[in-house]
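Student: Could you walk me through this structure? I have not looked at it before, so please start with any term I will need.
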Amino acid sequence: DLPESPIWLVKRGHGETAIDTVAKLRGVDRKMAQTIIQADTQTSSLHDQECGGSKLKNMKKSLSELCSRTVILPMILLVFLFFTQSFSGSNMVSYYTVTIFQMAKIPINENFAAILVAAQYVIGYSMSSFTCTRFGRRTLLFLSLCIMCAANLAAGLALLWYKPSTDIYNDNLASIQESLATDDLE
């Protein structure tokens with residue numbers, strides 16, 4: 001479970017939970033955690049007095065908290081993960097599913113196979129909340145990176161050794177030529 005922020009807990013009157021959270025996150029005993037929270041609370045109250053309640057100063061405080069190291073590093077990690085996910089190949093597979101199944105000459109209907117792939121995405125996303133709480137995000141991140149690396153390597157090798165049939169391309173070319181010819185007649 002991801003604990004709540006100790007500052008958030010103190011501001012809402014959950015002091016004991018805040019002490020437990022600080023002790024867990026910093027690896028200190030409860031007495032040291034209580035001292036840390038008292039120091040943070042005093043610093044926060046002094047800062048609030050200095051701000052005098054003006055909106056501009058409160059906004060500057062919020063922006064400075066947003067630019068703090070404890071916020072920036074996780075945000076950089078999230079942006080990196082979103083960026084790399086877009087290059088993992090899942091979007092390409094979703095977009096070209098029917099074409100991939102036609103090229104692979106799968107013995108079932110390509111559209112039905114595409115529906116099965118979409119269903120797999122729904123099942124995978126549904127299971128993600130369960131697996132994240134059970135195994136932890138870091139373990140799942142590295143496991144998924146290894147699996148995606150292996151899957152992309154296998155797909156690359158399969159495409160390297162695949163000799164495309166010109167039937168699909170000839171069929172597509174013939175249908176395009178036919179549609180152009182009928183458009184010219186009209």
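Tutor: Helices here are DSSP runs of H or I with at least four residues, and they are numbered from the N terminus. Please also keep in mind that this is a predicted model.

Student: OK, how many helices and strands are there in the protein chain?
Tutor: The protein chain has 10 helices and 0 strands, and from the N terminus on its elements read α-α-α-α-α-α-α-α-α-α.

Student: What share of the residues is buried?
Tutor: Of the 186 residues in the protein chain, 12% are buried. The chain exposes about 15200 Å², and carbon and sulfur atoms supply 66% of that area.

Student: And which residues form a nonpolar patch on the surface?
Tutor: The patch is formed by M92, V93, Y95, Y96 and I100, which together have about 500 Å² of accessible area. Helix α6, covering residues 90–95, gives the largest share of the patch with 3 residues.

Student: Where is M92 placed, then?
Tutor: M92 sits in helix α6, and it counts as partly exposed because its relative accessibility is 44%.

Student: Changing topic: how many salt bridges does a search of the whole structure find?
Tutor: The search finds 2 salt bridges. In one of them E16 pairs with R30, and the closest N and O atoms are 2.5 Å apart. E16 belongs to helix α2 (residues 15–26) and R30 to helix α3 (residues 30–51), so this pair ties together parts that are 14 residues apart in sequence.

Student: What about D20 and R30, how do their side chains meet?
Tutor: The side chains of D20 and R30 meet in a salt bridge as well, at 2.1 Å from N to O. That pair links distant parts of the chain, with D20 in helix α2 and R30 in helix α3, 10 residues apart. Through salt bridges that share partners, E16, D20 and R30 are joined into one network.

Student: Why does R30 count as partly exposed?
Tutor: R30 counts as partly exposed because its relative accessibility is 39%, and D20 likewise counts as partly exposed, at 41% relative accessibility.

Student: Now T131: is it buried or exposed?
Tutor: T131 is buried, because its relative accessible area is 16% and buried means under 20%. The residue is placed in helix α8, which spans residues 110–135.

Student: Which residues does T131 touch, not counting those up to four places away in sequence?
Tutor: With those sequence neighbours left out, T131 touches G136 and L140. In addition, a polar atom of the T131 side chain lies 3.1 Å from the backbone oxygen of S128.

Student: Last topic, cysteines: how many disulfides are there?
Tutor: The count comes to 0 disulfides. C146 is in no disulfide, and the nearest cysteine sulfur, that of C149, is 7.2 Å away. C149 is in no disulfide either, with the sulfur of C146 as its nearest cysteine sulfur, 7.2 Å away.

Student: Why does that distance leave them out?
Tutor: A disulfide needs a pair of cysteine sulfur atoms within 2.5 Å, so the 7.2 Å between the sulfurs of C146 and C149 does not meet that cut-off. As for its surroundings, C146 is exposed, with a relative accessible area of 55%.

Terms used:
Residues numbered from 1 in each chain as written. Predicted model: local features only at pLDDT ≥ 70, side-chain atom pairs only at ≥ 80, totals over all residues. Heavy atoms only, no water. Patch = residues over 30% accessible without salt bridge, like charges linked within 9 Å, V, L, I, M, F, W, Y side chains within 5 Å. Areas by Shrake-Rupley, 256 points an atom, 1.4 Å probe, with all protein chains shown as cover. Salt bridge = Lys/Arg side-chain N within 4 Å of Asp/Glu carboxyl O. Helix = DSSP H or I, 4+ residues; strand = E, 2+ residues; numbered from the N terminus. Buried < 20%, exposed > 50% of the residue type's maximum accessible area, 1.4 Å probe, protein only. Polar contact = N/O pair within 3.5 Å; in protein donor to acceptor, adjacent residues only side chain to side chain. Contact = heavy atoms within 4.5 Å.
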